[in-house]
Amino acid sequence: MPAYTHLISDCDGVLLDSEAIAFDTLLLQLAPLLPGQDLDALVRPRLGLTLPDLLADIGRQHPLPLGDDAIAAMRHHIEDEVARLARPIHGVDAALRAIPLPKACASNSAANRVRSTLAQTGLLAHFGPHVYCADEVGIAKPDPGLFLHAARALGANPARCLVVEDSVTGTRAASAAGMTVLGFTGAGHIADGQAQRLRDCGARYTFDDMAQLPALVARLCQPHT
C-alpha cells in the first residue's frame, strides 16, 4: 500500500505566481495608512493569512482605521489585480499531470477568483470539484480545518495526504492536520530564508522547481516495507 494516496495544493504561490501581485497591491493600499512603517516587514511574515486576519494582526501593533467595508474593498481590489495579472507557476501543469494521485486545492483566497483563475489558466481540470476556500468552508488557515475538510471531501486519511504549500501559515495548518508538507519556494514573492522557515514550522521537504515535484511525490509514495 502506498504511503500517500492524495495531493492537496495551496493556490496562490503554488499553482499561480500571484502572491507577489497581491503583496505589492496590498502595500500600495497600506502606504497612506501606515506612513513611515516598514510595510514589507509587517506584511511578509503574515502572507498566507486571510486579509482580515492579516490586517487584524498588524493592527495589534499599529492601529488601522479600517472598517469591514474598507477591508472588503481592499480585498476586491487585490483579487481583481490577481485575476488580471496572475500566471501559472512555471512547470506546474506538467508536474500535476505527471502525478497520478487524486488532487484538491485548499486556499484562503476568495473562492470565485480561485476557480475563475484556475479555469483561465487551464489548471482547474486537475482538481475538478475539489476546490475548497476559506470563505465558503468558513475555516481559514492556520486553522487545520480547511485541510481536514478537503481530506474528508476526497475520502482521504489526513495522514496519507501530501500538501504543497509556500507559506508558514499554510504549512502550520497542514502540519496541524497531520499531513506531510512539501514546501515550495520557487514563486516570485519568496524571500531569502523561506525554505528554512518552512522546515522550521513543519515542512518535511522543500523544493524550488515544479519539475522536481513528480519525482519527490513518487519517492514518498513508495510502499512501506
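A crossing of two helices is termed left-handed if the near helix is turned anticlockwise from the far one by less than a right angle, and right-handed if clockwise. The model examined here is predicted; local features require pLDDT of at least 70 and side-chain atom pairs pLDDT 80 or more, whereas totals for chains, interfaces and linings use all residues. Residues are numbered from 1 along each chain as its sequence is written, and side-chain values use heavy atoms, without hydrogens and water.

Helices (DSSP runs of H or I, at least four residues) and strands (runs of E, at least two) are numbered from the N terminus. Six strands, in the order S3-S2-S1-S4-S5-S6, form an open sheet with parallel pairing, where pairing demands at least two DSSP bridges between two strands. Strands S3 (131-133) and S6 (205-207) each have a single partner strand and stand at the edges, so one side of each lacks a neighbour in the sheet. From one strand to the next, the twist averages 25°. Strand S1 (residues 6-9) pairs with S2 (residues 103-107) over 3 bridges in the parallel sense, and Ser9 lies opposite Cys105 of S2. Helix H6 (residues 111-120) packs on the sheet, touching S2 and S3, and its direction makes about 150° with that of S3; angles run from 0 to 180 degrees between N-to-C directions, with axes fitted to C-alpha atoms, for helices over the stretch in contact.

The axes of H3 (residues 51-59) and H4 (residues 68-85) come within 10 Å and cross at roughly 125°. H3 passes H4 in a right-handed crossing. Contact (heavy atoms within 4.5 Å) involves Leu51, Pro52 and Leu55 of H3 and Ile71, Met74, Arg75 and Ile78 of H4.
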